[in-house]
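This report describes a single protein chain, beginning with its surface and ending with model confidence.

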Amino acid sequence: MGRGKIEIKKIENPTNRQVTYSKRRTGIMKKAKELTVLCDAEVSLIMFSSTGKFSEYCSPSTDTKRIFDRYQQVSGINLWGAQYEKMQNTLNHLKEINRNLRREIRQRMGEDLDGLDINELRGLEQNLDEALKVVRQRKYHVITTQTDTYKKKLKNSHEAHRNLLHELEMKDEHPVYGFVDNDPSNYEGALALANGGSHMYAFRVQPNQPNLHGMRYGSHDLRLA
């Protein structure tokens with residue numbers, strides 16, 4: 001049986017419409033490639049499906065922009081005029097915004113105020129007051145944060161100082177530590193005292209074993225200034 005003809009009208013069923021588009025897109029792409037190879041033609045093909053999917057083909061010997069430029073020359077239609085005008089309008093709008101912002105900055109610095117009326121001056125004053133309020137709040141927040149940080153550091157320093165004092169007070173309760181002060185046999189301690197180191201103390205480890213009491217451990221002496 002021969003293939004039946006399809007009526008050329010929009011396919012209402014979305015699924016069938018998408019399937020038909022995919023098949024015929026593949027076919028037209030194939031035909032474009034065949035025209036390029038067989039006839040040495042420059043072909044540019046652009047397609048958008050109903051769902052917005054983009055597909056294109058361009059002959060390897062050219063590119064899409066060159067095809068558009070040749071089309072403009074042949075047809076006399078300016079494809080980029082509307083886009084260029086739109087870009088120029090956007091650029092002018094951005095320049096106007098930039099000028100307004102620069103003028104506002106100068107006015108906030110007390111410059112370029114001659115052209116302002118009483119309402120504009122009052123509004124500028126209100127904006128400056130609000131900005132100053134925000135700056136002050138931020139300043140007080142920073143001061144409070146730094147103060148809390150310094151308080152924590154001071155508390156830690158006091159705690160470390162108390163721990164050191166506690167260790168010094170506990171030295172007599174541990175027989176493994178002996179206090180040496182102004183010991184003539186301790187040359188280093190005597191030398192330190194002679195040089196003004198009145199607060200130089202030496203702690204020598206005393207072994208608990210009786211048979212080791214006569215031994216000296218000069219290299220293991222602990223100094224506390």
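## Surface and overall make-up

The accessible surface of the chain is about 19,100 Å², and carbon and sulfur atoms account for 56% of it. The structure is a predicted model. Of the 225 residues in the chain, 12% are buried.

The secondary structure consists of 5 helices and 5 strands. Along the sequence these elements follow the pattern α-β-β-α-α-α-β-α-β-β. Among contacts between residues at least 6 apart in sequence, 32% join residues at least 24 apart.

## Helix α3 and the annotated region

Helix α3 covers residues 81-108. Its 28 residues, at 1.5 Å a residue, should span 40 Å; the end C-alpha atoms are 41 Å apart, so the expected and modelled values agree. After α3 comes G110, which has a positive phi, near 85°.

An unreviewed UniProt entry annotates residues 84-111 as a "coiled-coil region". In the model, the chain over residues 84-111 is 89% helix and 0% strand. The end C-alpha atoms of this stretch are 37 Å apart.

## Nonpolar core

Which residues make up the largest nonpolar core? The core has 6 residues in all: M29, A32, V43, L45, M47 and Y57. Helix α1 (14-39) and strand β1 (44-48) each supply at least two residues of this core.

M47, one of the core residues, can be followed through its contacts. Leaving aside residues up to four places away in sequence, M47 touches Y21, R25, I28, M29, K53, F54 and S55. M29, which is among these contacts, is also listed in the core.

## T62 in its loop

T62 is located in the loop between strand β2 (54-58) and helix α2 (64-75). Is T62 buried or exposed? Its relative accessibility is 12%, and because this value is under the 20% cut-off, T62 counts as buried.

Not counting residues up to four places away in sequence, T62 touches E42 and I67.

## Confidence

The average pLDDT of the chain is 80, and 74% of the residues score at least 70. Two stretches with low values follow.

Over residues 177-182 the pLDDT stays under 50, and the model has 17 contacts beyond four places in sequence for this stretch. Residues 198-205 also have a pLDDT below 50. For residues 198-205, the model has 36 contacts beyond near neighbours in sequence.

Methods:
Residues are numbered from 1 along each chain as its sequence is written. This is a predicted model: local features need pLDDT of at least 70, side-chain atom pairs count only at pLDDT 80 or more; totals for chains, interfaces and linings use all residues. Side-chain values use heavy atoms; hydrogens and water are left out. UniProt positions are given in the numbering used here, feature names are shortened, and annotations may be inferred rather than shown by experiment. Helices (H or I, at least four residues) and strands (E, at least two) are DSSP runs, numbered from the N terminus. The expected span of a helix is 1.5 Å times one less than its number of residues. A nonpolar core is a set of buried Ala, Val, Leu, Ile, Met, Phe, Trp, Tyr and Cys residues joined through side-chain atoms within 4.5 Å. Buried means under 20% relative accessible area, exposed over 50%, partly exposed in between (1.4 Å probe, protein chains only). Contact means heavy atoms within 4.5 Å. pLDDT is the predictor's confidence in each residue, from 0 to 100. Accessible areas come from the Shrake-Rupley method with a 1.4 Å probe; for residues, only the protein chains shown count as cover.
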